[in-house]
Amino acid sequence: MTATSASLQTIAADAVARGGAAGVAIALADGDAPAVVAFAGDAAPGRPASAQVLWPLASISKVFSAATVLRLVELGALALEQRVTALVPAFRGDGRDQVRVRDLLAHTSGLPYESARMGERLAALTPLDELLAEALQEPLLFAPGTGFAY
């Protein structure tokens, strides 16, 4: 273990010990590859932090998703008024045909926050394609653009 790796491990462990987080992952990159990684605590209840664990990032992922989508809009690869069905053809039925990229970013799509069984799904390490298939079956809470649900 290098001095940098040991320092990062100490920082991660201290953050967990102080109660600042249940689990911590730190990665320093050199170019495209991680140079040093450190983990401490739990990534999810009963799941020790590691690179092999699916971390439930929840709301923090919205920041990265919104920035990425808006960059793609800036580059002309996406449009805020574009229907999601143009990007995900299986995203149909129950009013989904009317959902725009803008609605996804603004929480006005009518989609529920998550499956009522999401905790169970994460604990079982359910593959992403199964999570998406389940999400496509959930009924919308309201017609796209007519309400707000976070």
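Two residues are in contact when heavy atoms of each lie within 4.5 Å. The structure described here is a predicted model.

**Ser109 and its surroundings**

Ser109 is found in the loop that runs between α3 (101-106) and α4 (118-123). With a relative accessible area of 6%, Ser109 is buried, because buried means under 20% relative accessible area. Leaving aside residues up to four places away in sequence, Ser109 touches Val99, Asp103, Leu104, Leu140, Phe142 and Pro144. The side chain of Ser109 also reaches the backbone nitrogen of Leu111, at 3.1 Å.

**The largest pocket**

Leu111 appears again in the largest pocket, where Ser61, Leu111, Pro112, Tyr113 and Leu132 are the lining residues nearest the centre. The lining comprises 39 residues, and the space in this pocket amounts to about 1800 Å³. At least two residues of the lining come from each of α2 (60-75), α3, α4 and α5 (128-137).

**Positive phi values**

Two residues other than glycine have a positive phi, as the table shows.

| Residue | Phi | Location |
|---|---|---|
| His107 | about 60° | loop between α3 and α4 |
| Leu125 | near 55° | loop between α4 and α5 |

Leu125 counts as partly exposed, at 44% relative accessibility, because this value falls between the 20% limit for buried and the 50% limit for exposed.

**Aromatic rings**

Arg96 lies over the face of Phe91, at 5.7 Å from the ring centre. The count of aromatic pairs, with ring centres required to lie within 6.5 Å, comes to zero.

Note on methods. Residues numbered from 1 in each chain as written. Predicted model: local features only at pLDDT ≥ 70, side-chain atom pairs only at ≥ 80, totals over all residues. Heavy atoms only, no water. Phe/Tyr/Trp six-rings, centres within 6.5 Å; stacked < 30°, edge-to-face > 60°. Lys NZ or Arg CZ within 6 Å of the ring centre and 35° of its normal. Helix = DSSP H or I, 4+ residues; strand = E, 2+ residues; numbered from the N terminus. Buried < 20%, exposed > 50% of the residue type's maximum accessible area, 1.4 Å probe, protein only. Polar contact = N/O pair within 3.5 Å; in protein donor to acceptor, adjacent residues only side chain to side chain. 1 Å grid on protein atoms, 1.4 Å probe; cavity = no way out; pocket = protein on both sides within 12 Å on 5 of 7 lines; lining within 4 Å. Points joined across faces, edges and corners; volume = space filled by probe spheres on them.
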